[in-house]
Structure formats: structure tokens, C-alpha cells
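Notebook open. I want to go through the ligands, the empty spaces and one stretch of sheet, jotting things down as I look them up.

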Amino acid sequence: MSETFDVIVIGGGPAGYPAAIRAAQNGLSVACIDDWKNYDGTHAFGGTCLNAGCIPSKALLESSELVHRAREEFKVHGIQVGAVTVDLAQMQKRKAGIVKSSTVGIVGLLKGAKVTALPGHGQLLAGPQVEYTALDGQKKVLHATHVILASGSTPIDLPSAPVNGKEIVDSWGALEFDTVPKRLGVIGAGVIGLELGSVWRRLGAEVVMLEAAPQFLPMADQAVAKEAQKHFKKLGLDIRLGAKVTGARVTGDGVSVNFVDSKGEQSLTVDRLVVAVGRKPRTAGVFATDSGVTLDERGFIAVDAECRTGVPNVWAVGDCVRGPMLAHKAKEEGVMVADLIAGHHSDVNYKLVPSVIYTAPEIAWVGLTEEQVQASGRPYKVGVFPFLASGRARAMEAPHGFAKLIAATDDDEILGVHIIGPMAGELIAEAVLALEYSASTEDLQRTIHAHPTLSEALHEAALAADKKAIDFPNR
Ligand code: FAD
Ligand code: AMP
């Protein structure tokens, strides 16, 4: 193995592996070091996203949604299936298979791009050089012209509810249950908490979610948050806002959870407790103290808008740096840096990173919320189209939620799009593209959308912004 590379990437998650592949596409010699370890002790590329995040959660969301639909919806279609039972072992096996094929796929992609894949730990030294510790413990110092730190993030611990991997688990542990808990507690009603709570609720658990903040989904458009709350209640998620967990301990009867809400000190007992209170950047052991890399005030690796750390030729991307902790943001940063290193122009449009919550109904948005536009003082108009008025949504037995478009009154520019409803995570792509091209409401109004499709909801929302909706009364 060569010990000198044009680029060494530390981390093989959605930030690191695309950086490595693009750098290799740009004709550079590249190594990608990754130390992910699965529960069984084996190494896998792909980071949190493939092994313990996006992919396994979506696999279980899909399976559990099918269970829910079979139980609640099939009879409406005239399909009789008798009692629907869950083989959780098979469900978990399917998920594990999807994860495995994805992580093996990354190894294939790295190989195909001629990236040297190095399982093991990497630490940036002054130079820049990188100390590589292979899985067998052997150490080697590698030389690089450029180093990209892509070390990702780990779950935030709650000292009052220490994870023991059995009764009290983090988000990864909550994807690995081998039985459906009768009573499940979830601390944190953020994106991850809601997705995990939905999975286990649909599979039959009684789910109580304790959220310290008084407001539900404060980062979302509040009309969407309100609609979502209604649907989650119908599903049976018992979401308690303004409920701050102060302690949790394992007892003979499960986990006793103490929390404080507007009524004072409360407690409840659950069989399993998931701590989903957010994630923190992984920075320990990633760079030596004399490497010159620094952290910002929130503990992320400090970088500028182009992901430069301030140390010449050392870059950092993904969850370990500021910005939304999302796989697609991580990927775009990795690709941007690889292109900048090669001398190409590149940037990331941080204003247009879409957000998706993969619950049912799905929630997705891009751009500004109505609250943000209101606060900016810019005159605006809003168009809303409910999926109830969509023939396709009704045919899918999913006439829930709405598409909402917010545009400037002065020049008609679309400022934000918020969707709660079937396939919202897919539908939002059109809105991202529209905003990327600074499209006007009129541009969307004049774009032909196939009928009957869910995408017509966005078309009609654009029409509704000018009181020209056809399929729903204008207000
Ligand atoms: P990571 O994926 O954490 O990868 C970092 C990698 O670097 C890891 O493999 C780690 O072992 C390795 N590493 C770290 N330090 C070193 C070192 N010193 N030497 C060698 N290797 C090192 N995001 C979405 O966009 N959509 C979703 O649907 C979504 N769902 C999620 C669901 C859950 C349950 C969770 C937990 C997260 C979810 N996320 C989702 C977030 C997403 O997983 C992260 O934003 C994404 O993984 C960040 O990518 P990354 O490459 O920066 O970090
Ligand atoms: P996110 O950062 O989107 O994953 O969401 C994590 C959520 O956990 C946030 O909404 C926090 O308000 C919430 N949270 C953090 N600490 C506590 C706590 N002690 N009790 C209840 N909720 C908490």
C-alpha cells in the first residue's frame, strides 16, 4: 500500500465516502479510513446513516407502516386478510439485509473508483499527516496533501437517563429490539424520536413521548406541526410537551421515568425507554491537539462556508461541522470539498437543504416557514391545497395533510414549500428545484403536472396562492 495520497478522508459515512469518490473522479489518489463497528464487532463502511440511521429506520418504518395499513386499511379496499401478525425476527432480518447490501455496496463503490479503503481509526497529525490504526492494532503514518475530516456524530447522552443497551437505549438500540415492548417511553419528540415512536406504535407498543420543549416541531411551519400533531394523536402516540425528563432507573417492573411538566413532578413506568435527545459531533481522537484544528463554541469542528478548518489543506464536512445533521447535507459538503481541492468551482446552498420526517403522513419542507417570512416583514401570499382534494391521494386511501406554498407578493418568488401528506419526501424535490432556480409561483402554475398524481397538489397550491386553484375552492 502506498503511504502517500493526494487526499485522505477520515470517516466513511455520507460525508466521507462521497468526498473520497469525487476526489478520485477528479483524478486524485485517495484513501478513506473508517472505524465504524457494529454490535457484533464487525467493521462496515457507511457510517451512522447506513448502519444505524437513515437506512435501517426507513426499512422498519416501511415494514411497520405495511402492518398498520394491513390492519387498518385493507378492509376499506375490500381485502380480507384475517388477523395480521408480526414476525419481528423476519422484519429485523430484512432490515439487516438491506443494511448489509448497502454497506457492502459502499465498499464496491470505493473499489470501483480506485479509492484505497482502510478499515480502522484515523487521526490527523500536524503536517498534515494521518496516523492510521488498522483493525488489528497496527499503526502507520500516512502522508497527504489534503485531509478531509468526516467523523460524523454520536447520540447525545442524558445523564439522568443513562443508556444501558437493554431497558434504556439510544436511537440505534431502538432499531434493534427483538420484541415489541408493551409500554415504550421516548425522550425527545424530534425527528428521530417521532420516527422511532411511529415504528413501535404501529407494531403495537403503547408509546409515551416526553418532550421538554413546550412547542411541537418548532423548526417546522406551525400549520404543518399542528396538522402533524393531529395525525400522531390519531395513531396513538401520546406526545407530552413541556415534559422534561429528570431521571430514569431500571426497576423490577421496567423503567421508572421521572419528569417535570406544568403540573409538577410526575412519573411513569415503561418496559423500554429510548433516549432521542439529539446528536453531538464526534471530535475526540479525530485530530491531535497540535494539528491546529479547533472547535467552535458548540463543539463542532470550526469551518468556514467552504468547509476549510483554518489549517491549510485540512477540511471538515458532515455532522462534525455546523449546519443540519442530515445525510444529504453531509454528502453535498463532501462533494463540494473534493471539487474545491481539484480546483473546480463548487458550493453548497445551505438555504435550500430539504428536511423530511418519514412518518405517516410524511412531512417535508424547504425554504422559509410562514413564521420566518412573517418575521422578515416581506409581504407574502400563501397557497394551500389539501390532499383530500387530490384524486390520486384518495385512490391511495391517503387523503391526509396538505401542500403549502409561500411566495413574495412583490416579485412572486417562491420562498418556502411545506408538505404534510403521502410521499411528501419525494414531492419536495420539485420544490427544492424550483427554489434553486428562484422560480416564481407563475413558473409552477405554468408547469404541466401529470394527472392524477400527488404532484398536482404543489401545482394547485401555486395556483391557490393567486386564488386560481381549480380543484379546490379558493379562499
Ligand atoms: P456518520 O454517518 O456518523 O459517519 C461518520 C463515520 O466516520 C463513521 O463510520 C465513524 O465510525 C467514522 N469515524 C469517525 N471518526 C473516525 C476516526 N477518527 N477514524 C476513522 N473513522 C472515523 N439523515 C437524513 O438525511 N435522513 C434520514 O432519514 C436520517 N435518519 C436518521 C435516523 C436515525 C435513527 C439517525 C441516528 C440519524 C438519521 N439521519 C438522517 C442523520 C444521518 O445519519 C447523519 O446526518 C449522517 O449519517 C451524517 O453523515 P456523516 O458522514 O457526517 O457522519
Ligand atoms: P432532535 O434534536 O430533533 O433530535 O430532538 C431532540 C429533542 O429532545 C428536542 O426537541 C429536545 O427538546 C428534547 N429533549 C432534550 N432533553 C430532554 C429532556 N431531558 N426531556 C425531554 N425532552 C428532552
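Which residues are closest to ligand 2, and how many surround it? I looked at this first, keeping in mind that the model is predicted. I get 14 residues around ligand 2, and the closest are Gly188, Glu211, Ala212, Ala243 and Val245.

**Ligand 2, contacts.** Three of those residues came up again when I listed polar atoms. Glu211 has a polar side-chain atom 2.6 Å from an oxygen atom of ligand 2. For Ala212 the backbone does the job: one of its N or O atoms lies 3.0 Å from a ligand nitrogen. Val245 also uses a polar backbone atom, 2.9 Å from a nitrogen atom of ligand 2. I then checked the cover: on its own ligand 2 has 510 Å² of accessible area, and the protein covers 72% of that. Strands β9 (206-211) and β11 (244-251) are the elements that give two or more residues to this shell. By class I noted nine nonpolar, three polar and two charged residues.

**Ligand 1, contacts.** Next I moved to ligand 1. Its surroundings come to 39 residues, with Asp34, Asp35, Thr48, Lys58 and Gly122 nearest. A polar backbone atom of Ala15 sits 2.9 Å from a ligand oxygen, and a polar backbone atom of Gly122 is 2.8 Å from a ligand nitrogen. From the side chain of His328, an N or O atom is 3.3 Å from an oxygen atom of ligand 1. Here the protein covers 96% of the 990 Å² that ligand 1 has accessible on its own. I listed the elements giving two or more residues to the shell: β2, α2 (47-52), α3, β3 and α8 (327-341). Helix α2 gives the most, four residues. The shell divides into 16 nonpolar, 17 polar and six charged residues.

**Strands β2, β3 and β4.** Since β2 and β3 both feed the ligand 1 shell, I looked at how they pair. Strand β2 (residues 30-34) runs parallel to β3 (residues 116-125), with four bridges. Cys32 stands opposite Ala117 of β3. Strand β3 also pairs with β4 (residues 129-134), this time antiparallel, over six bridges. Gln123 has Glu131 in β4 as its bridge partner. The β3-β4 hairpin leaves three residues between the strands, and Gly127 in that turn has a positive phi of about 150°.

**Second largest pocket.** What volume does it have? I read off about 1,100 Å³. Its lining counts 31 residues, and nearest the centre are Glu65, His68, Arg69, Arg202 and Ala360. Helices α3 (54-72), α6 (191-202) and α7 (222-235) each supply at least two lining residues, and α3 has the largest share with nine. The class split is twelve nonpolar, six polar and 13 charged.

**Cavity.** I found one cavity of 30 Å³ or more. The largest cavity holds about 30 Å³ of space. Its lining is Ala403, Ile419, Leu427, Glu430, Leu454, Ser455, Ala457 and Leu458. Helices α11 (424-436) and α13 (456-465) each supply at least two of these. The lining has six nonpolar residues, one polar and one charged.

Technical notes. Residues are numbered from 1 along each chain as its sequence is written. Chains are lettered from A and ligands numbered from 1 in the order in which they are written. This is a predicted model: local features need pLDDT of at least 70, side-chain atom pairs count only at pLDDT 80 or more; totals for chains, interfaces and linings use all residues. Side-chain values use heavy atoms; hydrogens and water are left out. Two strands pair if DSSP finds at least two bridges between them. A residue is near a molecule or strand if one of its heavy atoms lies within 4 Å of it. A polar contact is a pair of N or O atoms within 3.5 Å; within protein, one must be able to donate a hydrogen and the other to accept it, and residues adjacent in sequence count only if both atoms are side-chain atoms. Accessible areas come from the Shrake-Rupley method with a 1.4 Å probe; for residues, only the protein chains shown count as cover. Ala, Val, Leu, Ile, Met, Phe, Trp, Tyr, Cys and Pro count as nonpolar, Asp, Glu, Lys and Arg as charged, and the others, Gly among them, as polar. On a 1 Å grid over the protein atoms alone, a cavity is a set of points where a 1.4 Å probe fits but cannot get out, and a pocket is an open set with protein on both sides within 12 Å along at least five of seven lines; lining residues have an atom within 4 Å of a point. Grid points are joined across faces, edges and corners, and a volume is the space filled by probe spheres set on the points.
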